[in-house]
Amino acid sequence: MGNAIRALVAFIPADHCQKYVVGELQEMPLDRMVDLSGRQLRRFPVHVCTFTELVKLYLSDNHLNSLPPELGQLQNLQILALDFNDFQALPQVVCTLKQLCILYLGNNKLCDLPKELRLLQNLRTLWIEANCLTRLPDVVCELSLLKTLHAGSNALRLLPGQLQHLRELRTIWLSGNLLSDFPRVLLHMPFLEVIDVDQNNIRYFPSLAHLSSLKLVIYDHNPCRNAPKVAKGVHRVGRWAEETPEPDPRKARRYALAREESQESQTPALPLPLLPPSS
C-alpha cells in the first residue's frame, strides 16, 4: 500500500500533493514516527507539529528550504532527517530540539552552521556531508557527546584544533575533501576508532601507531608516497595496506618518481620544425 501511495503522489502536482499529505496525517502514529521522505514537499506540513510525542521525523529528499517555528513543539524528537533538500542555512528552530540524538543534514547547500547548534548537547551523530563547507564550523567542537561525524564531500582543507575536545568522538568521515595534509588534530585523539580520509590530496601520512583505540583507517585515493603506520590489528584500506607490502620511504619516493617519469615519457613528442631546403 505504501508504494502505491508514493506512486500516486508522484503524479500529483506539488500543491495538491501538499494537501494530500496533510490530510493523510490525522492521528499520531503509534510508532511515534513520521516519514515524509520523497514527497516533493516545498513546505513542511505544520499539522505534524501537533504530534508532540513524535520521536522520529524523516523529511529527506524533498524541496524544503525553511521550517516553521511550530516545529519547536516537537520537544521529544530524537531523530531528524533533513538531507537531500534545498537548505542554504539551518533553520534556527532545529537548534531548539534539545532531545535530538541524530541529525541528518547531508546533500544540502549549507556553507556554515549556526552557533546555536551548541544547544543540542544530546547529539550523538551529525551528518553534514555533501554541502558547501570550506571549513568545519567551530560549533561542531562544542557538541560534547558527539560520537560520529560525517563531513565528507565538502571543501575542507583543515580541521580546527578544538576538535580534540570531543572526547566521545569515535568515528570521523572526511572523504572527498581538499585535505593536502593529514589533519594534525587527529593525532591527539587516541579515542578515535575509525578515520576515513579517502579521496583527498594527502601526500604523506604520519604514524598512527600511538592511537590506541584505532580499528580502521581508510586512506585510499590519495597521492601518498607512504602508508600510515598503525598498531597491530588495525585494518588499513589503501595502497600498501594488508595485501601489498609497504615499501620503505626511499623506495616509495623512487616509485613515485618513476611513475611521474613514465607519465612524461608517454606524452607525444612535438614535431620537429621543418628546415628550409639547403641551397
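**Exercise 1.** In this predicted model, determine whether N85 is buried or exposed, and describe its surroundings.

*Solution.* Step 1: the relative accessible area of N85 is 5%. Buried means under 20%, so N85 is classed as buried.

Step 2: as to its place in the chain, N85 belongs to the loop between β3 (79–81) and β4.

Step 3: a polar atom of the N85 side chain lies 2.9 Å from the backbone oxygen of L59.

Step 4: when neighbours within four places in sequence are left aside, the residues in contact with N85 include L59, S60, D61, N107 and N108.

**Exercise 2.** Classify the ring pair formed by Y104 and W127, and state which parts of the chain the pair ties together.

*Solution.* Step 1: a pair of aromatic rings is described by the distance of the centres and the angle of the planes.

Step 2: a search of the whole structure gives 3 aromatic pairs. For Y104 and W127, the ring centres are 5.5 Å apart and the planes stand at 40°, so this pair is tilted.

Step 3: Y104 is part of strand β4 (residues 102–104) and W127 of strand β5 (residues 125–127); the pair therefore ties together parts 23 residues apart in sequence.

Step 4: Y104 has a relative accessible area of 22% and is partly exposed. W127, at 25% relative accessibility, also counts as partly exposed.

**Exercise 3.** Identify which residues ring pairs link into a cluster, and locate R239 relative to the ring of W240.

*Solution.* Step 1: the cluster linked by ring pairs consists of F182, F205 and Y219.

Step 2: R239 lies over the face of W240, 5.0 Å from the ring centre.

Note on methods:
Residues are numbered from 1 along each chain as its sequence is written. This is a predicted model: local features need pLDDT of at least 70, side-chain atom pairs count only at pLDDT 80 or more; totals for chains, interfaces and linings use all residues. Side-chain values use heavy atoms; hydrogens and water are left out. Rings of Phe, Tyr and Trp (its six-membered ring) pair if their centres lie within 6.5 Å; planes under 30 degrees apart count as stacked, over 60 as edge-to-face and the rest as tilted. Helices (H or I, at least four residues) and strands (E, at least two) are DSSP runs, numbered from the N terminus. Buried means under 20% relative accessible area, exposed over 50%, partly exposed in between (1.4 Å probe, protein chains only). A charge sits over a ring if NZ of Lys or CZ of Arg is within 6 Å of the ring centre and within 35 degrees of the ring normal. A polar contact is a pair of N or O atoms within 3.5 Å; within protein, one must be able to donate a hydrogen and the other to accept it, and residues adjacent in sequence count only if both atoms are side-chain atoms. Contact means heavy atoms within 4.5 Å.
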